[in-house]
2 protein chains.
Amino acid sequence: MPADEAPVARRRRSASIWDVARVAGVSHQTVSRVINGRARVSDTTRAKVLHAIAELGYRPNRLAQALAGGPVRSVTVLTSDTALYGAAATLRGMEEAARAAGFSLGVSVLEPDSAVPDVVARLSRPGEAVMVIAYDSAGVRALRALPPDVAVTAAVERPPEATGDRGWQVWLDDRDAAGQATRYLLSLGHRTVHYLAIPSSTSAVAQRTRGWADALDGAGRPAPEPLQGGWTPRSGYLAARALLADPSVTAVLCGNDDLALGVMRAARELGRHVPGDLSVVGFDDTPASAYLNPSLTTVRLDFEGLGRACFGLLHKHLEPDAAPPVAEWAEPALIVRESTGPAPRPSG
Amino acid sequence: MPADEAPVARRRRSASIWDVARVAGVSHQTVSRVINGRARVSDTTRAKVLHAIAELGYRPNRLAQALAGGPVRSVTVLTSDTALYGAAATLRGMEEAARAAGFSLGVSVLEPDSAVPDVVARLSRPGEAVMVIAYDSAGVRALRALPPDVAVTAAVERPPEATGDRGWQVWLDDRDAAGQATRYLLSLGHRTVHYLAIPSSTSAVAQRTRGWADALDGAGRPAPEPLQGGWTPRSGYLAARALLADPSVTAVLCGNDDLALGVMRAARELGRHVPGDLSVVGFDDTPASAYLNPSLTTVRLDFEGLGRACFGLLHKHLEPDAAPPVAEWAEPALIVRESTGPAPRPSG
DNA sequence: GGGCGACATGTTAGCGATAACACTAACGCC
DNA sequence: GGCGTTAGTGTTATCGCTAACATGTCGCCC
């Protein structure tokens, strides 16, 4: 009985390298050579094969290519929350660079509590190439958990201690920028600067916190206890409701722009004018920050460039000869806008 | 030369199903049975195999699994600009649902000008499962270009004309919400409502535009020509600089929150108070919108739910028996905040 | 006690490609 | 003419896995 007549729609198998070979009247290996172009094939043969490929609508099966030991050209990104600007922008940069290099990208999101074996199980094969966006503790944990047989580079919040690790990690040197922002606020006459931190990725003190504290220290100013915030505007809002009860607080540096947004909202509700009574500085320079009311003074961070570089690093390791040199990314830079101003004159 | 150490995987071939079989003293097929759990294996044998797997740190190679005809459980998402809130949030929803179902997700970003064959070439194998985020024309083009052998579902801006297509597309029914927002503004006493549109995905009139125009029509009000905006705050800002020169404009409905942000900025610079002189409504309800100054009246769109549903649909198609029913997503809803208010009394 | 299922397992044949090697024909050189 | 070289092509093995079929081995029933 012809199987064709079955009512069930049969999945017409699409063309394989063998079909192309048959149509072109050559061996499958010759087809492979034409596809990969790394061995010599005569022009007439090549033309026949290309013709057959077009006729059959043949596309190489990447799974089979990879299995058979061909170059893999696919990378998995491990990241935690893509709702966060930094992670999302980094991912964009990675994607862009990967696409430019002809790599395809897989994305796997880490839950705050995802177990290590789970993470490892997501990788599709041994030797898998991975990039980790490790700005928070989930990312850092995942990075540590990766088995030694995976090729990995990472975008991290702070430079690793071990020098051996530095080669395959990239980060934004925002310590300096945090200091710069702090000094800028002091120069406006603020007695001190309060810091509302984003959650840190490790137990160590974050770079931004360090930069802020060092700048205060350098100026001989008291460094208040840094406040621990979250990532969201809401979290900044809640923290600021408490913080701004203290009238001596006139300048707040925030770990990201979302926190700063929440802080400005809280200030408004408490009748504190920004920048008249309170100066606010953010981190990230999200696209919205220039349009806020008031527009936000912030530190521009080149997450996309970092993402591109992270991929570039990985590419370099996977294909040392083919990969272009790893591009630089921009240094963090303070962007002064409307949310900062001279310290208020003490009333009375 | 210590730089070599980190990311490059030690090329020691990792354990295969054969190694496990040897260690456990069974055939490789029995190992396959244990892994997939869909055939009977005695408890003692299973225990031996599991022990061997643990001992060797064996992980199945998904490429080989897929190639050999096993279930594939991986999906590629085609999207254009992940910097846009709608696309990013949809992607998050898809990712979340895919992860919950044990699928892995590939992401491929469409350039505005990416050629059709390019897009098709990105798919890793025939029969690939694909989701398309088709809120803009690049997405719609990609959707149309997909060859018939790929399983595809899509999140689209507006319902397809052909009823046959409806089964595998999902969309947010925002026409009604646009009407609701428009009627709300009219109820505040505004004579009419201007509309600043996001770029539309097709040549047809977008749902939001329809909803807005219909509401004005239903109220017997003149419908001004809709303004064509882009996606960014800057684009809203520029459009509004021109629009707000006309003092009769008292209410603006914007195609997304970013445009609204730009409009509010322009209003401020032009000395127009929001909401006193000008009411502004957005679309999306981005996380920031509640914290803006003034906080933004907007239409909440459940992009994440839509993304989850889009995956659910695909899952249903790929594994009709195993897939759970496709979850509902929330209806668009108008969220009234501070950026809208009574129409200004005509001066003089 | 022989035949028949059910169960548990092994064996073989692919999936669609690449790698390694073998082979053929044309060419140059002495 | 003999012989090595090289370009072009075919043959075979292999990647790690699953599907389909083959092979035992029980226990059960007539």
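**Notes on a predicted two-chain model**

1. Let's start with the sheet in chain A. This open sheet is built from six strands, ordered 7-6-8-9-10-11, with mixed pairing. The edge positions go to strand 7 (227–228) and strand 11 (333–335) of chain A; each has a single partner strand, so one side of each is left without a neighbour in the sheet. Bear in mind throughout that this is a predicted model.

2. Now the strand 9, 10 and 11 end of that sheet. Strand 9 (residues 279–284) of chain A pairs with strand 10 of chain A in the parallel sense, over four bridges. Strand 10 (residues 297–300) of chain A then pairs with strand 11 of chain A in the antiparallel sense, over three bridges. If you want a residue to click on, try A:R300: A:D284 stands opposite A:R300 in strand 10 of chain A, and A:R300 in turn stands opposite A:A333 in strand 11 of chain A. Next door, A:V299 has A:L334 in strand 11 of chain A as its bridge partner. As a reminder for reading such strands, side chains in a regular strand alternate between the two faces of the sheet.

3. Just past strand 9 there is a backbone oddity. A:D285 is found in the loop between strand 9 and strand 10 of chain A, and its phi is near 55 degrees, a positive value in a residue other than glycine. Is A:D285 buried or exposed? A:D285 has 24 other C-beta atoms within 10 Å, and the cut-off for buried is 20 or more, so A:D285 counts as buried.

4. A:R73 is another one to look at. Phi of A:R73 is also positive, near 55 degrees, and A:R73 is not a glycine either. A:R73 belongs to the loop between helix 4 (62–67) and strand 1 (74–79) of chain A. With 18 other C-beta atoms within 10 Å, A:R73 is partly exposed. For context, most residues other than glycine have a negative phi, and most peptide bonds are trans.

5. On that last topic, chain B has cis peptide bonds to check. The bond from B:V274 to B:P275 is cis, with omega near 10 degrees; B:P275 sits in the loop between helix 11 and strand 9 of chain B. The bond from B:N293 to B:P294 is cis as well, with omega near -5 degrees, and B:P294 lies in the loop between strand 9 and strand 10 of chain B.

6. Chain B has an open sheet of six strands too, in the order 7-6-8-9-10-11 and with mixed pairing. Strand 7 (227–228) and strand 11 (333–335) of chain B are at the edges, each with a single partner strand, so one side of each is left without a neighbour in the sheet. Strand 6 (residues 194–197) and strand 8 (residues 251–254) of chain B run parallel and are joined by three bridges; B:H194 has B:V252 in strand 8 of chain B as its bridge partner. Helix 10 (residues 233–243) of chain B packs on the sheet, where it touches strand 6, strand 7 and strand 8 of chain B, and its direction makes about 150 degrees with that of strand 6 of chain B. Helix 11 (residues 257–269) of chain B packs on the sheet as well, touching strand 6, strand 8, strand 9 (279–284) and strand 10 (297–300) of chain B; its direction makes about 155 degrees with that of strand 9 of chain B.

7. How do the chains relate? A turn of 180 degrees with a shift of 0.0 Å along the axis lays chain A on chain B with an RMSD of 0.1 Å. That is the relation of a two-fold axis. Which residue of chain A comes closest to the rotation axis? A:G106 does, with its C-alpha at 2.0 Å.

8. The interface puts 53 residues of chain A in contact with 49 residues of chain B. On the chain A side, 25 are nonpolar, 15 polar and 13 charged. Of the interface residues of chain A, 77% are also interface residues in chain B, so the copies meet through the same surface. Strand 2 (residues 104–109) of chain A and strand 2 (residues 104–109) of chain B run antiparallel, joined by three bridges; there, A:V107 has B:L105 as its bridge partner.

9. Finally, the overall build of chain A: 13 helices and 11 strands. Its radius of gyration is 27 Å, well over the 20 Å that the globule rule gives for 348 residues, so chain A is more spread out than a compact globule. Even so, 51% of the 348 residues of chain A count as buried.

How values were computed: Residues numbered from 1 in each chain as written. Chains lettered and ligands numbered in written order. Predicted model: local features only at pLDDT ≥ 70, side-chain atom pairs only at ≥ 80, totals over all residues. Least-squares fit on C-alpha atoms with pLDDT ≥ 70 in both. Contact = placed C-beta atoms within 7 Å. Pairing = 2+ DSSP bridges. Helix = DSSP H or I, 4+ residues; strand = E, 2+ residues; numbered from the N terminus. Rg over C-alpha atoms; globule rule 2.2 N^0.38 Å. Buried ≥ 20, exposed ≤ 12 C-beta atoms within 10 Å, placed from the backbone. Nonpolar A, V, L, I, M, F, W, Y, C, P; charged D, E, K, R; others polar. Axes fitted to C-alpha atoms, helices over the stretch in contact; angles between N-to-C directions.
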